Amino acid sequence: MSRAPGFEPRGRPGSPRFALALGGGAARGLAHIGVLEVLEREGLRPDLIVGTSMGGLIGALSATGLLARDVAEIAGSFRFPRWFLPGGVLDWNSLFASSIPPLSCAFEHLTIPLAVTAVDLEAGTQVILHTGPVLPAVQATCTVPGILPPIKLGGRWLIDGGIVNVLPVDVAWMSDPDFVVAVNVGAVRERRVPQLDWRITALLSRLGGVIPNPATAKVTLEILVRAVEIMLERQMTLSVAMTAPELLIEPDLGDIGLRDFHRMQDAVEAGRRAAEAALPDLASLLESPSAVATIGERELSLRFDPVCAMVTSPARARARVTRAGKTYYFCSENCRDRFERDPDAYLGKVLLDLGGKTPKRPSE
């Protein structure tokens, strides 16, 4: 494997810093490799990578310092089993075994700062992972419910971060970057489910209500996958509307499905084309002066909207309230209004940041 110790961000001292947000999308997330390849070719290294689900896995591999071609080599062995049926559980290591060696390290030793998201299954809250061992954090962000078992980490059972934040632009704000580049791989917008046209589908459905059987499970899986695609597409649209990344890259992935890991080359090429098309806009953003005068390292800081738990930053907050000498930042005026109607209902709420080891309250 090749690493890139001399791979430095292009630009003069004090030039803008940017964070890269990589969205979830299972096999469609392989398009992130094409985007990384173009950034690497242009000598552009993000100051922070944040990722959810497959975006977290690909982002973590890149954050170790691996070149895009080596990330592609690792991802080339990712496969979804052909005969998986609901009721079974897969082993994460069997799906993504090739990624284990490079990810067996700590966040603190990565070449590029990294944060990945997961969800506390019991508390129902987002968890941001950015310290400690990388491998279990990546396993957690990729743990698709019903397919992979939850990962126990820090005393909590964690599942796929895409459940609540499929495109984590807001998490990228934790480094106070000058701008965020987000890569939305989405899901298939429209797709037939041929199993619904089977003549025996109705019979199988009735039979499944009496005796569980593989045929009924197969139909159920296809419906479940399509439902997830619809959910992902809707959540992506809302996420982009709420967070408004300064640059949004959306590869045209056509009919590549969530399980189509065998179509990696198509996905990578789509990511490459989309990144190429975005280069003029990216160049314009890089020409703008940095909003931060100092050049030194920036600390990752977590500020949460106390109402919706979205990560906020003073520069991007759409509303703020000062109460008892403390300022609270909000993603929208609606969240601010809800807070002002009953602040005590939100001030006691704990917002989880497992990476920071200590639960954070909104005022922290």
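**Figure 1. Tyrosine 328, a buried residue of strand 12.** In this predicted model, tyrosine 328 has 6% relative accessibility. The cut-off for buried is under 20%, so tyrosine 328 counts as buried. Tyrosine 328 pairs with the ring of phenylalanine 339. The two ring centres are 5.3 Å apart. The planes meet at 40°, and the pair is tilted. Tyrosine 328 sits in strand 12, whereas phenylalanine 339 belongs to helix 11 (residues 333-341). Eleven residues separate the two along the chain. Phenylalanine 339 has a relative accessible area of 1%, so this partner is buried too.

**Figure 2. The hairpin of strand 11 and strand 12.** Strand 11 covers residues 319-323 and strand 12 covers residues 326-330. The two strands run antiparallel and are joined by five bridges. Tyrosine 328 appears again here, as the bridge partner of valine 321. Two residues lie between the strands of this hairpin. In the hairpin, alanine 324 takes a positive phi near 55°.

**Figure 3. An edge-to-face pair of phenylalanines.** The protein has six aromatic pairs. One of them joins phenylalanine 96 and phenylalanine 261. Their ring centres are 6.3 Å apart. The planes stand at 70°, and edge-to-face requires over 60, so the pair is edge-to-face. Phenylalanine 96 lies in the loop between helix 4 (92-95) and helix 5 (100-103). Phenylalanine 261 lies in the loop between strand 8 (247-249) and helix 10 (264-287). The two positions are 165 residues apart in sequence, so the pair ties together distant stretches of the chain. Both phenylalanines are buried. They also belong to one aromatic cluster with Phe78 and Trp92.

**Figure 4. Strand 1 and its two parallel neighbours.** Strand 1 spans residues 18-22, and five of its five residues are buried. Phe18, Leu20 and Leu22 point one way from the strand. Ala19 and Ala21 point the other way. Both sets of side chains are buried. Strand 1 pairs with strand 7 (residues 179-183) in the parallel sense, over five bridges. Strand 1 also runs parallel to strand 2 (residues 48-52), joined by four bridges. Leucine 20 takes part in both pairings. Its bridge partner in strand 7 is valine 181. Its bridge partner in strand 2 is isoleucine 49.

**Figure 5. Helix 6, enclosed by the rest of the structure.** Helix 6 covers residues 134-141. Eight of its eight residues are buried, so the helix is largely enclosed by the rest of the structure. The buried residues include Val134, Leu135, Pro136, Ala137 and Val138. Gln139, Ala140 and Thr141 are buried as well.

**Figure 6. Two loop residues with positive phi.** Alanine 26 has a positive phi of about 50°, although it is not a glycine. Alanine 26 lies in the loop between strand 1 and helix 1 (31-41). Its relative accessibility is 24%, so alanine 26 counts as partly exposed. Aspartate 176 also has a positive phi, near 50°, and is a residue other than glycine. Aspartate 176 is found in the loop between helix 7 and strand 7. With a relative accessible area of 28%, aspartate 176 is partly exposed.

**Figure 7. A nonpolar patch on the surface.** Ile163, Val164 and Met231 make a nonpolar surface patch of about 230 Å². Isoleucine 163 is found in the loop between strand 6 (156-160) and helix 7 (169-172). Isoleucine 163 has a relative accessible area of 36%, so it is partly exposed.

**Figure 8. The whole protein, for orientation.** The protein has twelve helices and twelve strands. Of its 364 residues, 53% are buried. Consider the contacts between residues at least 6 apart in sequence: 74% of them join residues at least 24 apart. The accessible surface comes to about 16,600 Å². Carbon and sulfur atoms account for 55% of that surface.

Note on methods:
Residues are numbered from 1 along each chain as its sequence is written. This is a predicted model: local features need pLDDT of at least 70, side-chain atom pairs count only at pLDDT 80 or more; totals for chains, interfaces and linings use all residues. Side-chain values use heavy atoms; hydrogens and water are left out. Buried means under 20% relative accessible area, exposed over 50%, partly exposed in between (1.4 Å probe, protein chains only). Contact means heavy atoms within 4.5 Å. Accessible areas come from the Shrake-Rupley method with a 1.4 Å probe; for residues, only the protein chains shown count as cover. Two strands pair if DSSP finds at least two bridges between them. Rings of Phe, Tyr and Trp (its six-membered ring) pair if their centres lie within 6.5 Å; planes under 30 degrees apart count as stacked, over 60 as edge-to-face and the rest as tilted. Patches are made of residues with over 30% relative accessible area and no salt bridge: like charges are joined within 9 Å, nonpolar side chains (Val, Leu, Ile, Met, Phe, Trp, Tyr) within 5 Å. A salt bridge is a side-chain nitrogen of Lys or Arg within 4 Å of a carboxyl oxygen of Asp or Glu.
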